[in-house]
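Welcome! Here is a guided walk through one protein model, meant for someone opening it for the first time. Have a look at the structure below, and then we can go through it together.

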Amino acid sequence: MREHHRTPRLLGTLLLVAAAGFSVVGSAPAAAAKTASPLGRIVPAPASVDPGGSPYRITRDTRIRVDDSREVRQVGEYLAGILRPSTGYRLPVGSQGGGGIRLRLGDRSSGDEGYRLDSGRNGVTITAAEPAGLFRGVQTLRQLLPAAVEKNSVQPGPWLVAGGTIKDTPRYGYRGAMLDVSRHFFDVGQVKRYIDELALYKVNKLHLHLSDDQGWRIAVDDWPRLAAYGGSTQVGGGRGGFYTKAQYTEIVRYAASRYLEVVPEIDMPGHTNAALASYAELNCDGTAPPLYTGTEVGFSSLCVDKPVTYDFVDDVIRELAALTPGRYLHIGGDEAHSTSHADYVTFMDRVQPVVAKYGKTVIGWHQLTGATPAKGALAQYWGLDDTSAAEKAQVVKAAQNGTGLVLSPADRVYLDMKYTADTPLGQDWAGLVEVRRAYDWDPGAYLAGAPGSSIRGVEAPLWTETIVTGADLDYMAFPRLPGVAELGWSPASTHDWDTYKVRLAAQGPRWEARGIRYYRSPQVPWPGA
C-alpha cells in the first residue's frame, strides 16, 4: 500500500504552499462567457459528442421538469440547489410544464450510470435508464455552464448551454477515491465536502480507511475502547477523533445522495496498533503497546493463533456491515511484515468467510493474492511501474483465476505523492507524480496478462501522514483527481494528454468559484497563466 517513511512535522506550511503555487481563492473567476462553452469541453470526456444547433439559455422563466418519482425529483432539487444561488432564479421543480430543463427516465441502453443530454434553443433534456445516470448527466450540465455557476452569490450570467447531443456511459463500474482518516482525522463536514468534489467528476466509490496504527475511527459497541482510546490521537500527537455510528450513517447517506457507495476498510492483520493498544488480549503476549503517532509501518499484527482475535474480527465486521448498505467491505491485508506468510494465509482464510457471512464482498490490497482470494473478491493493486515481475505475476495469476482488480498504482494515482521535489506536502517514496503522469496511462493495458474483464476500475488513494486540513486535501487532489476519474469513466479512445490538458485547464476557474485551492501545474495551460 505505501512503504511510508517517518515525515517531520511541516512548519510554515501556509507560506510554503503559497510559494508552491496554490491558486489564490478569492480572486474572482473570469466573468461569465458571452458564448456557450464548447459541448465537449468537460471532464471526464464523454463517450460521444455531436455539437450543433442553437444554445439554450437559462432564464428566470426556466423550470426543471422531472418524472413523477421521488429519486428523480431529488436529482432535480439537487440541480436547482446548484443553480439558484448563482443565477438568482427560482427554478421550480415539478412534473408539470414544458421547456426548460427536463430530467427523465427512458432509454435502457445506457446502463445504470449512462445518460443522454440533448440541448437546443427550447431546452435541455437529460435521459437515463436510472436516477444515477440522471445525476451523472447533471454533472455534465454543470460543466457546460460558466464556472461562475458554482458561486454562492448571484452572478451576471448569461447562462448558456451549447446546442447538440452527448451520449455517455462509463468504461468501468468501479471509479473510486480513498480517504485515509486514520493518520489524520477528518470530521463529517470535511468528508461531505470531499464527497461533493468527487461527485462533480462522476466518481462512484468513497473508500474510507477507518483503522490503522495511528487511529481507530469508527465506534464498535462490543469493543468500545477501539474508538474511545484507539481513536484518541493521530500522526504527530493531535487529538484524533472517531465517527459515532450515527455520524458514519450520516456520511453513508450523504454519499448515497450523490450516488457514491461507501467502501469501509478495517486494515488487518497488520496496521493494527490502535486496536492492539486498546485491548491487551488481542496481543500474543497479552500486553498492550502504547498508542502510536509516528509514520513507520509493518510492525504490528493481530495474534493469529488466539480465538479472541476472530471474535474481535467477527464483531467489528458484523457491526460495520450492518451500517453499510454498499456491496463491499475492505479488509486491508497489506504490509503485514510482522505476520508470517503461513499465519497470513491462515488469517485470510478465516476472515474472508466472515465478510461473506454478513453479506459483503471482500476487497483487499493486492497482497491478498498471496493467499486465496474468496470467490468474487477484488484485489486493489498499489504497486509501481517497476514492481517486481514476480509480484505482478502473482496478481495477474489471481486475475486469470477470476479475482477482479482495482488499479491504484502508487507512482501514478497516489494523491499523497509530491508533485515535484519542492511540494510542501506529501511524500515521495513512490516517486514524484505530476499531473501528466497521473493521467497518461491506460488501466486496460497496465498489468500485462491480466484479462481485460478482470479490470473493474481505478481508485485514487489519499493517505494523510502529512495532510491535516481540508485545504491540504484539495491541494493534493486537484488537479490530479479529475484525471483519474477520467481514466475510469471515459473510453480509452478519448485519452490524449494534449486535448485533456486543455479541458483540465478550463476547470481551474470552476475550482476557484468553489473555493478549492489547487496546484497550478506548469504542465497545464491555466487561463491567465
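A good place to begin is a group of rings: Tyr 201, Phe 478, Trp 511, Tyr 518 and Trp 526 form one aromatic cluster. Please keep in mind that this is a predicted model. In total, the count of aromatic pairs comes to 26.

**Rings that meet**

Among these pairs is the one made by Trp 223 and Phe 312, with ring centres 5.2 Å apart and planes at 85°, so the pair is edge-to-face. Trp 223 lies in the loop between E11 and helix H5 (225-228), while Phe 312 belongs to helix H8, so the pair ties together parts that are 89 residues apart in sequence. Are these two residues buried or exposed? Both Trp 223 and Phe 312 are buried.

Trp 441 and Tyr 446 also form an edge-to-face pair, with 5.3 Å from centre to centre and 70° between the planes. Trp 441 has a relative accessible area of 8%, so Trp 441 counts as buried. Tyr 446 is buried as well, with a relative accessible area of 15%.

Rings can also have a charge for company. The charged end of Arg 225 sits over the ring of Tyr 229, at 4.5 Å from the ring centre. In another place, Arg 480 lies over the face of Tyr 419, 3.8 Å from the centre of that ring.

**The nonpolar cores**

Let us turn to the interior. The largest nonpolar core has 141 residues, and those with the most contacts inside it are Trp 216, Tyr 243, Tyr 248 and Phe 312. Which helix gives the most to this core? That is H8, with eight residues. A second, separate core has 12 residues, including Met 178, Trp 365, Trp 429 and Val 433.

Phe 312 is a name you have met before: this residue of helix H8 is the ring partner of Trp 223. Tyr 248 will come back in the next section.

**A closer look at helix H6**

Helix H6 covers residues 245-257, which makes 13 residues. At 1.5 Å a residue, H6 should span 18 Å, and the C-alpha atoms at its ends are 18 Å apart, so the model agrees with the expected value. The buried residues of H6 are Tyr 248, Thr 249, Ile 251, Val 252, Tyr 254 and Ala 255.

What do these buried residues pack against? Their partners are helix H4 (188-200), strand E11 (205-209), strand E12 (261-265) and helix H8 (307-323). H6 is followed by Tyr 259, a residue with a positive phi, near 60°.

**Charged pairs**

The model holds 29 salt bridges by the rule used here. Three of them are set out below, each with its closest N to O distance.

| Residue | Partner | N to O distance |
|---|---|---|
| Arg 437 | Asp 385 | 3.0 Å |
| Asp 411 | Arg 437 | 3.1 Å |
| Asp 440 | Arg 436 | 3.0 Å |

Arg 437 forms a salt bridge with Asp 385. This pair links distant parts of the chain: Arg 437 is in helix H12 (residues 435-439), and Asp 385 is in the loop between strand E15 (378-381) and helix H10 (389-400), 52 residues apart. With 28% relative accessibility, Arg 437 counts as partly exposed. Asp 385 is partly exposed too, with a relative accessible area of 30%.

Arg 437 also meets the side chain of Asp 411 in a salt bridge. Here helix H12 is linked to helix H11 (residues 410-413), which holds Asp 411, and the two residues are 26 residues apart. Asp 411 is buried, with a relative accessible area of 6%.

In the pair of Asp 440 and Arg 436, Asp 440 is partly exposed at 37% relative accessibility, and Arg 436 is partly exposed at 38%. Elsewhere, salt bridges that share partners join Arg 142, Glu 150, Arg 510 and Arg 514 into one network.

**One last stop: Ala 398**

Our final residue, Ala 398, has its place in helix H10. Ala 398 is buried, with a relative accessible area of 8%. Which residues does Ala 398 contact, leaving aside its neighbours within four places in sequence? Those are Thr 369 and Thr 403. By contrast, Leu 103 is 295 residues away along the chain, and its C-alpha atom is separated from that of Ala 398 by 42 Å.

Notes. Residues are numbered from 1 along each chain as its sequence is written. This is a predicted model: local features need pLDDT of at least 70, side-chain atom pairs count only at pLDDT 80 or more; totals for chains, interfaces and linings use all residues. Side-chain values use heavy atoms; hydrogens and water are left out. Helices (H or I, at least four residues) and strands (E, at least two) are DSSP runs, numbered from the N terminus. The expected span of a helix is 1.5 Å times one less than its number of residues. Buried means under 20% relative accessible area, exposed over 50%, partly exposed in between (1.4 Å probe, protein chains only). Contact means heavy atoms within 4.5 Å. A salt bridge is a side-chain nitrogen of Lys or Arg within 4 Å of a carboxyl oxygen of Asp or Glu. A nonpolar core is a set of buried Ala, Val, Leu, Ile, Met, Phe, Trp, Tyr and Cys residues joined through side-chain atoms within 4.5 Å. Rings of Phe, Tyr and Trp (its six-membered ring) pair if their centres lie within 6.5 Å; planes under 30 degrees apart count as stacked, over 60 as edge-to-face and the rest as tilted. A charge sits over a ring if NZ of Lys or CZ of Arg is within 6 Å of the ring centre and within 35 degrees of the ring normal.
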